[in-house]
Amino acid sequence: MSRLIVVSNRVPLPAKNGAASAGGLAVALQSALAARGGLWLGWSGKICSDEPVGPLTMLKDGNIEYALTDLTDLDVEEYYQGFANRVLWPICHYRLDLAEYGRREMTGYFRVNQFFASRLLPLIQKDDVIWIHDYHLIPLAEELRRQGVKNRIGFFLHIPWPAPDVFLAMPVHDELLKSLTAYDVIGFQTRQDRENFAACLARQNIGERLGEEEFSAAGRTFIARPYPIGIETDEFAKLARQAGNTTLHKRMRQSLDGKELIIGVDRLDYSKGITQRIDAFETFLTRHPDYQRKVTLLQITPKSRSEVPEYEAMQKTVAEQAGRVNGALGTVDWVPIRYVNRSLRRPALAGLYRMAKVALVTPLRDGMNLVAKEFVAAQDEDDPGVLLLSRFAGAAHELKEAMLVNPYDVEGTADVIARSLAMPRDERQARWKSMMATVRENNVFTWCDTFLGDLAGDEAPEGVEQPRLKRVSR
């Protein structure tokens with residue numbers, strides 16, 4: 001079996017006890033790397049002031065090697081904070097108004113991808129299979145091809161791919177489209193994302209579509225398919241079941257004092273629709289005053305990219321908005337919104353999901369949104385909560401039994417919150433049962449197994465934590 005190389009902007013190192021330091025994605029990729037023997041390369045997170053950057057830091061954990069590289073201040077400013085997060089991120093989330101395109105940042109983005117290629121090149125063996133992740137590293141395969149790499153290379157985009165009229169507003173759209181054709185397999189979260197990509201290729205006359213999934217460009221063929229990412233479903237469900245005995249769970253139950261819990265969990269980002277969600281919750285309480293003093297919204301929002309001014313401003317806006325609602329509607333013994341601006345450990349989150357009557361997962365645009373799937377996995381089958389889900393999240397393409405909403409429609413979302421809280425148990429059970437079957441079948445190991453099977457010509461990697469399941473519906 002060929003060795004696997006994974007490349008991503010950041011590398012989640014295993015915790016000292018052997019468990020993954022991050023969520024299901026890290027678990028699945030580390031399982032695949034361990035099964036084949038493998039290497040994971042990416043940015044160490046360290047910034048050095050002087051050039052040149054020092055040698056790679058090499059760490060070994062069992063059958064996996066980790067190769068970590070530092071970046072310079074200029075690299076981080078132009079490649080990461082600049083083009084990746086102030087151009088690609090907003091454009092892929094349909095926020096042209098927030099994109100700040102500059103030639104210097106674009107040059108830095110391509111330069112750092114060349115740097116990643118130069119760091120990876122000496123480590124590649126003849127039969128290695130290479131899997132590159134996300135929008136930070138779109139041009140990496142093209143750089144490797146220029147340096148003579150003929151290995152099979154795959155790419156997975158974790159965020160949405162926008163419609164042509166949005167993507168083509170970016171001045172370097174042709175360069176990015178052409179660089180993607182250097183891959184052998186390109187993975188998207190949804191069929192819609194893949195069709196948007198195909199439409200961009202057609203609009204710019206870059207290559208030819210040979211079939212639903214097969215394309216050709218510059219004398220080579222490649223496939224582009226949806227591979228909806230999942231979670232480690234059974235493990236997360238186990239965490240949720242065990243959480244009932246924890247001190248945090250008992251304290252939370254006591255503090256609610258019989259009130260129903262509504263939960264929202266999002267990284268602080270303008271794509272998550274947090275301000276619209278708070279508006280919808282306030283509208284719900286105003287329209288349905290009988291629910292005042294009977295429900296509480298717990299909004300958990302860890303800080304994100306605080307070095308970018310837009311995110312710092314957003315943090316202030318959300319905090320002030322929650323405070324305004326609490327000041328207008330709260331009482332001495334009831335706070336409508338509990339706003340927590342830090343991250344919680346996954347076992348704690350699993351327990352809170354299980355406790356919640358309703359989850360508000362209402363991004364304005366999202367590649368997938370694994371919070372939706374974690375909420376489903378965490379539920380008690382006898383008395384499950386209700387998932388209220390934005391139709392603009394990738395998860396809505398799979399979890400059709402959720403209560404789908406348009407997050408821009410504040411009043412409509414408020415009405416669905418009321419319907420969700422009043423939903424009979426038998427309907428909640430029926431909706432949950434169908435969604436749980438989907439989340440269990442299309443778990444993160446299926447995602448990993450399916451992508452690598454396609455990348456390696458359907459060679460099934462042995463030793464991955466779950467057996468090969470039937471292919472994800474496409």
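1. Residue D75 is placed in helix α2. In this predicted model, D75 is buried, with a relative accessible area of 8%, which lies below the cut-off of 20% used for that class. Leaving aside neighbours within four places in sequence, D75 contacts Y80, R111 and V112.

2. The helix that holds D75 spans residues 73-92 and lies across three strands, namely β1 (4-10), β2 (38-48) and β4 (64-72). Relative to β4, helix α2 runs at about 95°.

3. The strands beneath discussion here belong to an open sheet of 10 strands with mixed pairing, in the order β3-β4-β2-β1-β5-β6-β7-β10-β9-β8. Strands β3 (57-61) and β8 (208-209) stand at the edges; each has a single partner strand, so one side of each is left without a neighbour in the sheet.

4. Within that sheet order, β5 is followed by β6. Strand β5 comprises residues 129-133 and strand β6 residues 153-156, and the two pair in the parallel sense over four bridges. One of the residues concerned is I132, whose bridge partner in β6 is F155.

5. Helix α6 covers residues 173-180, and its buried residues are H173, L176, L177, S179 and L180. These residues cover an arc of only 165° around the axis, and therefore lie on the same side of α6.

6. A helix-helix contact is formed by α8 (residues 233-242) and α12 (residues 346-355), which pack at an angle of about 75° with their axes 8 Å apart. Because of that angle, α8 is roughly perpendicular to α12; the range for this description is 65 to 115 degrees.

7. As to the residues involved, α8 contributes F236, L239, A240 and R241, which meet R346, P347, A350, G351, Y353 and R354 of α12. By class, the contact of α8 with α12 has six nonpolar, one polar and three charged residues.

8. Residue G264 is found in strand β11, which runs over residues 260-265. G264 is buried, with a relative accessible area of 1%. Not counting residues up to four places away in sequence, G264 touches R277, L297, L298, Q299, I300 and L360. Among these contacts is L298: G264 and L298 are 34 residues apart in sequence, and their C-alpha atoms are 6.3 Å apart in space.

How values were computed:
Residues are numbered from 1 along each chain as its sequence is written. This is a predicted model: local features need pLDDT of at least 70, side-chain atom pairs count only at pLDDT 80 or more; totals for chains, interfaces and linings use all residues. Side-chain values use heavy atoms; hydrogens and water are left out. Two strands pair if DSSP finds at least two bridges between them. Contact means heavy atoms within 4.5 Å. Axes are lines fitted to C-alpha atoms, for helices over the stretch in contact, and angles run from 0 to 180 degrees between N-to-C directions. Buried means under 20% relative accessible area, exposed over 50%, partly exposed in between (1.4 Å probe, protein chains only). The arc is that of the directions from the helix axis to the C-beta atoms. Angles under 35 degrees count as roughly parallel, over 145 as roughly antiparallel, 65 to 115 as roughly perpendicular and the rest as oblique. Ala, Val, Leu, Ile, Met, Phe, Trp, Tyr, Cys and Pro count as nonpolar, Asp, Glu, Lys and Arg as charged, and the others, Gly among them, as polar.
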